[in-house]
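Please open the structure in your viewer and keep the selection tool at hand. The tour proceeds by selections, each followed by a description of what is found there.

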Amino acid sequence: MSDTNTDEPSVFHEIEEGDTDRTQGRTISEADVMNFAGVSGDFNHLHTDEERMSDSPFGERIAHGMLVLSAATGLLWQNRTPEEREAVVAFYGMDNLRFRQPVLIGDTIHVETEVVETREKEDGPGNGTVKNAVEIVNQRDETVISCEMISLLK
């Protein structure tokens with residue numbers, strides 16, 4: 001028996017390949033970097049040692065790539081309507097993740113997405129998966145992270 005209820009409206013079936021979206025911005029703060037270091041245990045000098053990083057090729061500390069990626073998932077969540085939030089069954093995966101540019105403390109990021117694939121599911125929870133090409137972009141219009149994120153939706 002399928003867990004998919006075809007009598008309910010389906011957000012999945014409203015999504016089309018080629019759909020695009022853009023989130024609002026979010027500034028990455030020193031508190032973000034230090035809190036992420038504490039939560040993750042990643043106290044690498046790249047993120048936490050201001051003096052050492054002043055002589056680095058970056059000239060200053062950089063944010064954890066995974067912090068920036070996590071902040072992007074939050075921006076994506078905040079950008080969804082209540083109906084879209086209810087339709088999310090699970091984060092299904094990520095492909096082709098690349099950290100392209102450093103994010104500095106004080107940089108403001110936003111996320112740009114394009115639906116590149118929808119795949120209907122025959123059974124189990126959810127109606128199908130949606131793969132988005134994702135670019136996390138800073139205030140200088142530089143792509144800092146790119147990947148494909150896949151969500152399982154009702």
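**First stop: a salt bridge between strands**

Select D95 and K131, whose side chains meet in a salt bridge with an N to O distance of 3.5 Å. D95 belongs to strand β3 (residues 88–99) and K131 to strand β5 (residues 128–138), so this pair ties together parts that are 36 residues apart in sequence. Please note that the model is a predicted one.

Are the two partners buried or exposed? D95 has a relative accessibility of 30% and therefore counts as partly exposed. K131, with a relative accessible area of 17%, is buried, because the limit for that class is under 20%.

Keep K131 selected and add E148. These two residues also form a salt bridge, in which the closest N and O atoms are 3.8 Å apart. K131 lies in strand β5 and E148 in strand β6, so the pair ties together parts that are 17 residues apart in sequence. Elsewhere, E30, E50 and R61 are joined into one network by salt bridges that share partners. The structure holds nine salt bridges.

**Second stop: a salt bridge between loops**

Now select D107 and R140. They form a salt bridge, and their closest N and O atoms are 3.2 Å apart. D107 is located in the loop between β3 and β4, and R140 in the loop between β5 and β6 (143–153), so the pair ties together parts that are 33 residues apart in sequence. D107 counts as buried, at 4% relative accessibility, while R140 counts as partly exposed, at 42%.

Next, select Q139, which also lies in the loop between β5 and β6. Q139 is partly exposed, with a relative accessible area of 44%. Which residues does Q139 touch, not counting residues up to four places away in sequence? They are D107 and T108. To see a long separation in space, add P82: the C-alpha atoms of Q139 and P82 are separated by 28 Å, and the two residues are 57 apart along the chain.

**Third stop: a buried isoleucine**

Select I109, found in strand β4 (residues 108–120). I109 is buried, its relative accessible area being 0%. Leaving aside residues up to four places away in sequence, I109 touches ten residues that can be displayed together: Q24, G25, R26, I28, V68, A71, L75, I136, V137 and N138. Then select T23. Although I109 and T23 are 86 residues apart along the chain, their C-alpha atoms are separated by 9.2 Å.

**Fourth stop: the two sides of a helix**

Select helix α1 (residues 30–40) and look along its axis. Its buried residues are D32, V33, F36 and A37. Why do these residues lie on the same side of α1? They cover an arc of only 130 degrees around the axis, which puts them on the same side. On the other side of α1, N35 and V39 are exposed.

To see what the buried residues of α1 pack against, display β2 (26–27), α2 (45–48) and α4 (65–79). Just after the helix, select G41, whose phi is positive, near 80 degrees.

**Fifth stop: the largest pocket**

Select I15, D21, R80, E84 and N132, which lie nearest the centre of the largest pocket among its 28 lining residues. The volume of this pocket is about 660 Å³. Two or more lining residues come from each of β1 (20–22), α4, β3, β4, β5 and β6. What is the lining made of? It divides into 14 nonpolar, eight polar and six charged residues.

**Final stop: the whole protein**

Clear the selection and colour the model by secondary structure. How many helices and strands does the protein have? There are five helices and six strands. Along the sequence they follow the pattern β-β-α-α-α-α-α-β-β-β-β. The C-alpha trace spans about 60 × 30 × 25 Å along its principal axes.

The protein has 154 residues, of which 36% count as buried. Among contacts between residues at least 6 apart in sequence, 70% join residues at least 24 apart. The pair D95 and K131 from the first stop, 36 residues apart in sequence, may be selected once more to close the tour.

Key: Residues numbered from 1 in each chain as written. Heavy atoms only, no water. Helix = DSSP H or I, 4+ residues; strand = E, 2+ residues; numbered from the N terminus. Buried < 20%, exposed > 50% of the residue type's maximum accessible area, 1.4 Å probe, protein only. Contact = heavy atoms within 4.5 Å. Arc of directions from axis to C-beta. Salt bridge = Lys/Arg side-chain N within 4 Å of Asp/Glu carboxyl O. 1 Å grid on protein atoms, 1.4 Å probe; cavity = no way out; pocket = protein on both sides within 12 Å on 5 of 7 lines; lining within 4 Å. Points joined across faces, edges and corners; volume = space filled by probe spheres on them. Nonpolar A, V, L, I, M, F, W, Y, C, P; charged D, E, K, R; others polar.
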